[in-house]
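Reader: I am new to this structure and would like to look closely at a single part of it. Could you take me through one helix slowly, together with what surrounds it?

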Amino acid sequence: PQGVAVVVPQNGNLLVIRRSASVRAPRAFCFPGGGLELGEVESEAVIREMQEELGVLALPDRLLWRSTTPWGFGLAWWLCRLASVEFQLNPLEVESAHWFKPAEIERLPGLLESNRQFFQAWRQGLFELPLEIP
């Protein structure tokens, strides 16, 4: 199985969501994203997931990093900008959306482990993460 995690920087902050109570890993904090559908490429999944979860038009920029979760789920971490930050949250998937500094995200209770690994890889210099996209 494959999925995308969407990394959206703005003003030194990154967008994170709190998952709804009715999805896998209920009420956990994480980057938006989800699984690829049959025949879908990663950039299409980024656009679809951001529309489904947050009701916004995403403009995929580039792949940042790849990882695999302990249960074998492949994740592609995509840098993205948004056409607008007027969110229309899908309550079935997302409880809330937040802009936090990276250090604040790392301290969130219930942050998904894959997101912790993303920050560790960034701090190790495995990829560049601009905190603003020009």
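Author:
**A close look at helix H1 and its surroundings**

Gln120 is partly exposed, with a relative accessible area of 45%, and this residue, which belongs to helix H3, is a place to return to once helix H1 has been described. Please keep in mind throughout that the model is predicted.

Helix H1 runs over residues 42-54. It has 13 residues, and the distance from its first C-alpha to its last is 18 Å, close to the 18 Å expected at 1.5 Å a residue. Just after the helix comes Gly55, which takes a positive phi of about 65 degrees.

Turning to the parts of H1 that are hidden, the buried residues are Glu42, Ala45, Val46, Arg48, Glu49, Met50, Glu53 and Leu54, a list in which charged residues such as Glu42 and Arg48 stand beside nonpolar ones such as Val46 and Leu54. What covers these buried residues includes several strands, namely S1 (2-7), S3 (13-19), S5 (33-35), S6, S7 (74-82) and S8 (94-100).

The charged residues of H1 deserve a careful reading of their own. Side chains of opposite charge can pair when their charged atoms come close. The structure holds 9 salt bridges, and one of them joins Glu42 to Arg66, with the closest N and O atoms 2.6 Å apart. Glu42 lies in H1 whereas Arg66 lies in strand S6 (residues 58-68), so this pair ties together parts that are 24 residues apart in sequence. The two partners differ in their exposure, since Glu42 counts as buried at 15% relative accessibility, while Arg66 is partly exposed, with a relative accessible area of 48%.

Another salt bridge stays inside the helix: Arg48 pairs with Glu52, and their closest N and O atoms are 3.1 Å apart. These two residues are 4 residues apart in H1, which means that about one helical turn separates them. Arg48 is buried, with a relative accessible area of 15%, and Glu52 counts as partly exposed at 31% relative accessibility. Both residues also belong to a wider arrangement, because Glu37, Glu40, Arg48, Glu49 and Glu52 are linked in a network of salt bridges.

Strand S6, which was met above through Arg66, spans residues that include Asp61 and Arg62, and the side chains of these two residues meet in a salt bridge with an N to O distance of 3.8 Å. Here both partners are partly exposed, Asp61 with a relative accessible area of 33% and Arg62 at 35% relative accessibility.

H1 also contributes to the surface. Ile47 is found in this helix and counts as partly exposed at 35% relative accessibility, and together with Leu57 and Leu59 it makes a nonpolar surface patch of about 240 Å².

From the surface one can move to the interior, where the strands that cover H1 appear again. In soluble globular proteins, nonpolar side chains tend to be buried together. The largest nonpolar core here has 21 residues, and those with the most contacts inside it are Val7, Phe31, Leu64, Trp77, Phe118, Phe127 and Leu129. S1, S3, S6, S7 and helix H3 (113-123) each supply at least two residues of this core, and H3 gives the most, with 4 residues. A second, separate core of 17 residues includes Val4, Cys30, Cys80 and Leu82.

Within the largest core, Phe31 offers a useful point of view: leaving out residues up to four places away in sequence, Phe31 touches Ala5, Val6, Val7, Leu14, Leu15, Val16, Ile17, Trp77, Asn115, Phe118 and Phe119. One of these, Asn115, has its place in helix H3 and counts as buried at 3% relative accessibility. With neighbours within four places in sequence set aside, Asn115 is in contact with Cys30, Phe31 and Trp77.

This brings the account back to H3 and Gln120, whose C-alpha atom is separated by 9.7 Å from that of Glu106, 14 residues apart along the chain. In the segment after H3 lies Leu126, which counts as exposed at 52% relative accessibility. Leu126 touches Trp65 and Ala121, residues up to four places away in sequence not being counted, while the C-alpha atoms of Leu126 and Gly74, 52 residues apart along the chain, are separated by 17 Å.

Conventions
Residues are numbered from 1 along each chain as its sequence is written. This is a predicted model: local features need pLDDT of at least 70, side-chain atom pairs count only at pLDDT 80 or more; totals for chains, interfaces and linings use all residues. Side-chain values use heavy atoms; hydrogens and water are left out. A salt bridge is a side-chain nitrogen of Lys or Arg within 4 Å of a carboxyl oxygen of Asp or Glu. Buried means under 20% relative accessible area, exposed over 50%, partly exposed in between (1.4 Å probe, protein chains only). The expected span of a helix is 1.5 Å times one less than its number of residues. Contact means heavy atoms within 4.5 Å. A nonpolar core is a set of buried Ala, Val, Leu, Ile, Met, Phe, Trp, Tyr and Cys residues joined through side-chain atoms within 4.5 Å. Patches are made of residues with over 30% relative accessible area and no salt bridge: like charges are joined within 9 Å, nonpolar side chains (Val, Leu, Ile, Met, Phe, Trp, Tyr) within 5 Å. Accessible areas come from the Shrake-Rupley method with a 1.4 Å probe; for residues, only the protein chains shown count as cover.
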